[in-house]
Amino acid sequence: MSELTLTVMRLGFLAVLWLFVIVAVQVIRSDLFGTRVTQRGSRRGGDSRAPQQQQQSGGGRQAAPPQQRQRRGAPTKLVVSEGTLTGTTVALQGQTITLGRAHDSTIVLDDDYASSRHARIYPDRDGQWIVEDLGSTNGTYLDRTRLTTPTPIPPGAPIRIGKTVIELRK
């Protein structure tokens, strides 16, 4: 083998070795310090879309976004009943609710057993709420049954993601 080939192989091996060391340090760091959890409080600043909507609608009344009719006795809120976020409530207003460790989830779970994009809860056309596991590692459970397909949620039935339990309530 030529001297140049041997030198290139040595440098390549050294680069791969350093890449391995850097990745190992990042994994150890994330295990020690965990993921960053951001608090979701009031919005910062104003909504930049509001002035544009007023101008487009002629400055008078704003058209209300189309919402689905709520059935009588339908749940109105999502409540965390167990886990680190116990007592957290999210109003059900026809939007999709995402659950997981990712910082952009509707409910950010600081749970070792939750995936970054763990599950979602969304309304169907009939106004019923559906829970769907998004391919999580440890699974999503609805009343002790592991979910494999999108499933309607009866009010008060516990949805378990790791150590966190969530319920739909009126």
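User: How many helices and strands are there in the protein?

Analyst: In this predicted model, the protein has 2 helices and 11 strands, and read along the sequence they follow the pattern α-α-β-β-β-β-β-β-β-β-β-β-β.

User: Why is Val 21 called partly exposed?

Analyst: Val 21, which lies in helix α1 (residues 3–33), has a relative accessible area of 35%. Buried would require under 20% and exposed over 50%, so a value of 35% falls in between and Val 21 is called partly exposed.

User: What makes Val 21 eligible for a nonpolar patch on the surface?

Analyst: Patches are made of residues with over 30% relative accessible area and no salt bridge; the 35% of Val 21 passes that area cut-off. Val 21 is a member of a patch that also includes Leu 11, Phe 13, Leu 14, Leu 17, Trp 18, Phe 20, Ile 22 and Val 25, and together these residues have about 950 Å² of accessible area.

User: How do you know that β6 is mostly covered?

Analyst: In β6, 5 of its 5 residues are buried, and buried means under 20% relative accessible area. Trp 129, Val 131 and Asp 133 point one way from the strand, Ile 130 and Glu 132 point the other way, and all are buried. For the protein, 25% of the 170 residues count as buried.

User: What makes β6 a paired strand, and which strands does β6 pair with?

Analyst: Two strands pair if there are at least two bridges between them. β5 and β6 are joined in the antiparallel sense over 5 bridges, whereas β6 and strand β9 (residues 151–152) are joined in the antiparallel sense over 2 bridges, so each case meets the criterion. Glu 132 in β6 is the bridge partner of Arg 120, while Ile 130 stands opposite Pro 152 in β9.

User: What lies between β5 and β6 in their hairpin?

Analyst: There are 5 residues between the two strands of this hairpin, and in the turn Gly 127 has a positive phi of about 85 degrees.

User: Which residues touch the most other members of the largest nonpolar core?

Analyst: Of the 21 residues in that core, Leu 78, Ile 97, Leu 99, Ile 121 and Ile 153 touch the most other members. Elements giving two or more residues to the core include β1 (77–82), β3 (97–100), β5 (119–123) and β6 (129–133).

User: Which residues is Leu 99 in contact with, leaving aside its neighbours within four places in sequence?

Analyst: Leu 99 is in contact with Ser 105, Ile 107, Leu 109, Arg 117, His 118, Ala 119, Ile 121, Ile 161 and Ile 166, contact being heavy atoms within 4.5 Å.

Technical notes:
Residues are numbered from 1 along each chain as its sequence is written. This is a predicted model: local features need pLDDT of at least 70, side-chain atom pairs count only at pLDDT 80 or more; totals for chains, interfaces and linings use all residues. Side-chain values use heavy atoms; hydrogens and water are left out. A nonpolar core is a set of buried Ala, Val, Leu, Ile, Met, Phe, Trp, Tyr and Cys residues joined through side-chain atoms within 4.5 Å. Buried means under 20% relative accessible area, exposed over 50%, partly exposed in between (1.4 Å probe, protein chains only). Helices (H or I, at least four residues) and strands (E, at least two) are DSSP runs, numbered from the N terminus. Patches are made of residues with over 30% relative accessible area and no salt bridge: like charges are joined within 9 Å, nonpolar side chains (Val, Leu, Ile, Met, Phe, Trp, Tyr) within 5 Å. Accessible areas come from the Shrake-Rupley method with a 1.4 Å probe; for residues, only the protein chains shown count as cover. A salt bridge is a side-chain nitrogen of Lys or Arg within 4 Å of a carboxyl oxygen of Asp or Glu.
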